[in-house]
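Q: Please take a close look at one part of this model, the aromatic cluster, and then work outward to what surrounds it.

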Amino acid sequence: QVQLVESGGGLVQAGDSLSLSCVASGYAFSMYPMAWFRQAPGKDREFVASISGSGYATQFIDSVKGRFTISRDNVKNTVYLQMNSLKPEDTAIYYCTGSSSRVAPNWNYWGQGTQVTVSS
């Protein structure tokens with residue numbers, strides 16, 4: 001049974017930083033891509049960032065490029081999202097997700113989400 005457990009959310013002010021973590025279990029973590037999505041109130045869930053199984057390849061939505069970084073520790077089965085220069089529009093529930101495909105990510109596994117609130 002695959003489990004993804006996020007942590008690190010909270011309430012911060014604009015310009016602050018926050019780091020999210022996601023620990024995976026029951027999953028061949030190092031083989032597969034991982035990603036972070038987010039969902040703001042009244043909006044669809046959107047892709048934020050992804051990282052390949054090796055950690056060498058990353059992708060980001062344009063709105064977070066230069067501010068967010070994604071990384072992973074395949075020994076600890078953990079993926080991270082470092083968020084700097086946070087803006088009120090970054091307020092959302094952030095979800096960790098894992099793929100069961102190495103070639104075409106399918107984001108089959110999801111965590112419960114962690115709330116990030118950025119005040120102006």
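A: The answer starts with the aromatic rings and moves on to the core, the disulfide and a hairpin.

This is a predicted model, so local features need pLDDT of at least 70, side-chain atom pairs count only at pLDDT 80 or more, and totals for chains, interfaces and linings use all residues. Residues are numbered from 1 along each chain as its sequence is written, and side-chain values use heavy atoms, with hydrogens and water left out.

Start with the cluster. Phe 37, Phe 47, Tyr 95, Trp 107 and Trp 110 form one aromatic cluster. Rings of Phe, Tyr and Trp (its six-membered ring) pair if their centres lie within 6.5 Å. Planes under 30 degrees apart count as stacked, over 60 as edge-to-face and the rest as tilted. By this rule there are 6 aromatic pairs. One of them joins Phe 37 and Phe 47: the ring centres are 5.6 Å apart and the planes stand at 85 degrees, so this pair is edge-to-face. The two residues are 10 apart along the chain, with Phe 37 in strand 4 (residues 34–39) and Phe 47 in strand 5 (residues 46–51). Strands here are DSSP runs of E, at least two residues long, numbered from the N terminus.

Phe 37 is buried at 12% relative accessible area. Phe 47 is partly exposed at 25%. The cut-offs are under 20% for buried, over 50% for exposed and in between for partly exposed (1.4 Å probe, protein chains only).

Phe 37 also pairs with Trp 107. Their ring centres lie 6.3 Å apart and their planes meet at 70 degrees, so this pair is edge-to-face. It spans 70 residues of chain, from Phe 37 in strand 4 to Trp 107 in the loop between strand 9 (92–98) and strand 10 (109–110). Trp 107 is buried, with a relative accessible area of 17%. Its backbone deserves a look. Most residues other than glycine have a negative phi. Trp 107 has a positive phi near 45 degrees.

A charged side chain sits at this cluster. Arg 45 lies over the face of Tyr 95, at 3.8 Å from the ring centre. Arg 45 also lies over the face of Trp 110, at 4.7 Å. The rule for a charge over a ring asks that NZ of Lys or CZ of Arg be within 6 Å of the ring centre and within 35 degrees of the ring normal.

Now the core. A nonpolar core is a set of buried Ala, Val, Leu, Ile, Met, Phe, Trp, Tyr and Cys residues joined through side-chain atoms within 4.5 Å. The largest one has 27 residues, and Trp 36, Val 79, Leu 81, Met 83 and Tyr 94 touch the most other members. Strands that each supply at least two residues include strand 3, strand 4, strand 5 and strand 9. Strand 3 gives the most, with 4 residues. Tyr 94 has contacts (heavy atoms within 4.5 Å) beyond its neighbours within four places in sequence; among them are Trp 36, Phe 37, Leu 81 and Met 83.

Strand 3 and strand 9 are also joined covalently. The whole structure holds 1 disulfide, defined as a pair of cysteine sulfur atoms within 2.5 Å. Cys 22 and Cys 96 form this link, with their sulfur atoms 2.1 Å apart. Cys 22 sits in strand 3 and Cys 96 in strand 9, 74 residues apart. The angle about the S-S bond is -75 degrees, and the link is left-handed. Cys 22 is buried at 0% relative accessible area, and Cys 96 is buried at 0% too.

Finally, the hairpin. Strand 7 and strand 8 pair in the antiparallel sense over 6 bridges; DSSP must find at least two bridges for strands to pair. Arg 72 stands opposite Val 79 in strand 8. Side chains alternate along strand 7. Phe 68, Ile 70 and Arg 72 point to one face and are buried, whereas Thr 69, Ser 71 and Asp 73 point to the other and are not. The hairpin has 4 residues between the strands, and Asn 77 there takes a positive phi near 55 degrees. Asn 77 is partly exposed, at 23% relative accessibility.

Technical notes
Contact means heavy atoms within 4.5 Å.
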